[in-house]
Amino acid sequence: QVQLVESGGGLVQAGGSLRLSCAASGRTFSNYVMGWFRQAPGKEREFVARISWSGISTYYADSVKGRFTISRNNTKNTVYLQMNSLKPEDTAVYYCAANPTNAGTADYWGQGTQVTVSS
């Protein structure tokens, strides 16, 4: 079993930066592909980024490509999402997920952390 706990969300002005962290418990964290998703009020959950178990392969949604960077430290059992040049449309609850599928499901989800970007 894996538990995921996100942190690092908050209120930031447009153009600013935030770094989200997702700390995992369990002995098999390094075996999981990890991903970040977000959900804005009144909208469906949206894929943001994912990273392979080795950290070598990454993939981003077009809306965040060039601004966000996903990374992981398997020794620390933590995955990160560095968010730069934030825009108001980035406002959402951000969730980390273990072993996300192409269909948008995952084996494990965190509780979410709120990111609010003011104009």
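**Exercise 1. Find the loop that holds Ser85, and describe the backbone and exposure of Ser85.**

Solution. Ser85 sits in the loop that runs between S8 and S9. This is a predicted model, and in it the phi angle of Ser85 comes out near 50°, which is a positive value in a residue other than glycine. For the exposure, take the relative accessibility of Ser85, which is 41%, and compare it with the limits of 20% for buried and 50% for exposed; Ser85 therefore counts as partly exposed.

**Exercise 2. Decide whether Arg67 is buried or exposed, and work out which residues surround Arg67.**

Solution. Begin with the position: Arg67 belongs to the loop between strand S6 (58-60) and strand S7 (68-73). Its relative accessibility is 11%, and because buried means under 20%, Arg67 counts as buried. Next, follow the side chain of Arg67, which reaches the backbone oxygen of Ser85 at 3.0 Å. Finally, list the contacts, leaving aside residues up to four places away in sequence: Arg67 touches Gln82, Met83, Asn84, Ser85, Leu86, Lys87 and Asp90.

**Exercise 3. Describe Asn77 in the way that Ser85 was described, giving its loop, its phi angle and its exposure.**

Solution. Asn77 is placed in the loop between S7 and S8. The phi angle of Asn77 is near 55°, again a positive value in a residue other than glycine. With a relative accessible area of 23%, Asn77 is partly exposed.

**Exercise 4. Trace how strand S3 is paired with S1 and with S8.**

Solution. Take S1 (residues 3-7) to start with: five bridges join S1 to S3, and the two strands run antiparallel. Within this pairing, Val5 stands opposite Ala23 of S3. Then turn to S8 (residues 78-83), which is joined to S3 by six bridges, also in an antiparallel arrangement. Here Arg19 has Gln82 in S8 as its bridge partner, and Gln82 is also one of the residues that Arg67 touches.

**Exercise 5. Locate the disulfide, and explain which parts of the chain the disulfide ties together.**

Solution. The structure holds one disulfide, formed by Cys22 and Cys96, whose sulfur atoms are 2.0 Å apart. Cys22 lies in strand S3 (residues 18-25), while Cys96 lies in strand S9 (residues 92-98), so the pair ties together parts that are 74 residues apart in sequence. As for the geometry, the link of Cys22 and Cys96 is right-handed, with 45° about the S-S bond. To finish, check the surroundings: both Cys22 and Cys96 are buried.

How values were computed
Residues numbered from 1 in each chain as written. Predicted model: local features only at pLDDT ≥ 70, side-chain atom pairs only at ≥ 80, totals over all residues. Heavy atoms only, no water. Disulfide = S-S within 2.5 Å. Helix = DSSP H or I, 4+ residues; strand = E, 2+ residues; numbered from the N terminus. Buried < 20%, exposed > 50% of the residue type's maximum accessible area, 1.4 Å probe, protein only. Polar contact = N/O pair within 3.5 Å; in protein donor to acceptor, adjacent residues only side chain to side chain. Contact = heavy atoms within 4.5 Å. Pairing = 2+ DSSP bridges.
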